[in-house]
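Here are two short exercises on ligand surroundings, each with a worked solution. Have a look at the model first, then try each task before reading on.

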Amino acid sequence: MVVNQNLLCCNTDCNPLITGSMMVDRELFVSAPGKVILHGEHAVVHGKVALAVGLNLRTFLRLRPGKDNGTVEINLPNIGTKLTWKISDLQALVPSFHNSPESKPLGPSPEQLDFLKTFAGFSNGTTDTESLAVLAFLYLYLSICGQALPSLEIVVWSQLPTGAGLGSSAAYSVSIAAALLATSGKISIPAQENIRWTQAELTLINSWAFQGEKVIHGNPSGVDNAVGTWGGALRFQAGEINPIERVPVLEILLTNTCVPRSTKTLVAGVKDKLLKFPGIMEPVLSSINAISEECQRVLQAGVEGLTIEQYSVLEELIDINQHHLNVIGVGHPSLDRLCQATTSHGLHSKLTGAGGGGCAITLLRPDIEPSVVDAVKQELSAYGYQCWRTSIGAPGVSLHSSSMLPEDVTRSFNKA
Ligand SMILES: Nc1ncnc2c1ncn2[C@@H]1O[C@H](COP(=O)(O)OP(=O)(O)O)[C@@H](O)[C@H]1O
Ligand SMILES: C[C@@](O)(CCOP(=O)(O)O)CC(=O)O
Ligand SMILES: [Mg+2]
């Protein structure tokens, strides 16, 4: 399946799915998974292959009709932001969005981005304007296609640590895109919990989420929002998304070093190094590409259950890729400490996401002694790291009824 994430028109004649007007007459719950990149982070920004899987930690969004007083009420407890926009203030931004020629890819132009961040910063007064800029951007584009700007109340709460390499920015963008597309009638609102959106609708959600990622990441590859949309396991290269239908169950230890870092800054640093040392960096990125290809081959060969030899190959690929990620400049002493700790117990780890701190994954063989996992978790926790033993391959963006939400989510929404 080939998906072009860039070209996206806003009016109805080129997007048959864009019909109807913003119908905010009901409460809506949407969620999208975080992600783990098995191999290919950073290289994927430069056209190489990445393998990514949905994670069973999700971001949840509740959208309700507004109080009809011409406002958009926003509550983002994960970043401590709660505020109300007057729609009349947003209205002032609309002309700059109307002027975008239809043929242009719909990512925010530099002028629009300045508008959005100034508006977000002005209304919010904190540093994290990216989240609000994503929301304002998608709200304006998904509302102004010939319709009025509706009053809304939006709460977003995530089980994911933000800024840790687990694709929280993508899960956030996918959730907002799906909710606004659904309430503006551009995609359906499935009647039951287990009915998924169509491929065409998922492609539309993904394309808008990709625009949201551009606001946060600057120069995203699109792999994160693709996994947030489709979930499961997928191969991603240069905008081409190929779900990997069947992969063996992989158990991993997911560790958050809790070292904060900015994906945008790390991605820009790799680009600078590539421009400075093309002859050195290109072969490293090509080698990471080969690691992704080999990993996919092994996973698909072992779909009925990986052999000991196949696990050994997966472990070698993890070690080689982690070294490459250090070479391209996205390692961190906290990740080195993590790798030394797991290696001392015969396990193999690599960073996941943008690196520079954040999260890492450690591959667990099915026959691993629980005492070994406990010893590793104890050692890593002593460094102040957080560890989850988890499996991967969670479902993509989903619609929920309020009665089917996880308890922690319901509690957080009620508290919000
Ligand atoms: N639940 C959330 N609420 C509000 N903003 C969020 C949320 N999750 C992510 N974000 C936005 O995404 C940014 C983190 O994105 P990024 O640096 O790409 O890290 P990652 O995608 O690895 O978590 C946050 O600074 C914030 O702007
Ligand atoms: C580093 C990169 O490959 C993945 C970024 O993941 P995260 O935002 O750190 O979760 C960037 C990208 O693919 O857009
Ligand atoms: Mg991100």
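The exercises below deal with the two ligands of this predicted model.

**Exercise 1.** Work out which residues surround ligand 2 and which polar contacts hold its oxygen atoms within the 3.5 Å cut-off.

*Solution.*
- Step 1: Start with the shell. Ligand 2 is surrounded by 19 residues, with Lys35, Gly167, His217, Ser221 and Arg261 the closest.
- Step 2: Sort the shell by class, which gives eight nonpolar, seven polar and four charged residues.
- Step 3: Look for polar contacts. An N or O atom in the Ser221 side chain is 2.6 Å from an oxygen atom of ligand 2. A polar side-chain atom of Asp224 lies 3.0 Å from a ligand 2 oxygen, and a polar backbone atom of Ala354 is 3.0 Å from an oxygen of ligand 2.
- Step 4: Check the cover. Of the 390 Å² of accessible area that ligand 2 has on its own, the protein covers 98%.
- Step 5: Place the shell in the fold. Strand S1 (28–39), helix H7 (223–230) and helix H8 (263–276) are the elements that give two or more residues to it.

**Exercise 2.** Find which helix gives the largest share of the shell around ligand 1.

*Solution.*
- Step 1: Count the shell: 18 residues surround ligand 1, and the closest are Ser131, Gly163, Gly165, Ser168 and His217.
- Step 2: List the helices. H5 (168–183) and H6 (199–217) each supply at least two shell residues.
- Step 3: Pick the leader. H5 gives the largest share, three residues.

Definitions and conventions: Residues are numbered from 1 along each chain as its sequence is written. Chains are lettered from A and ligands numbered from 1 in the order in which they are written. This is a predicted model: local features need pLDDT of at least 70, side-chain atom pairs count only at pLDDT 80 or more; totals for chains, interfaces and linings use all residues. Side-chain values use heavy atoms; hydrogens and water are left out. A residue is near a molecule or strand if one of its heavy atoms lies within 4 Å of it. A polar contact is a pair of N or O atoms within 3.5 Å; within protein, one must be able to donate a hydrogen and the other to accept it, and residues adjacent in sequence count only if both atoms are side-chain atoms. Accessible areas come from the Shrake-Rupley method with a 1.4 Å probe; for residues, only the protein chains shown count as cover. Helices (H or I, at least four residues) and strands (E, at least two) are DSSP runs, numbered from the N terminus. Ala, Val, Leu, Ile, Met, Phe, Trp, Tyr, Cys and Pro count as nonpolar, Asp, Glu, Lys and Arg as charged, and the others, Gly among them, as polar.
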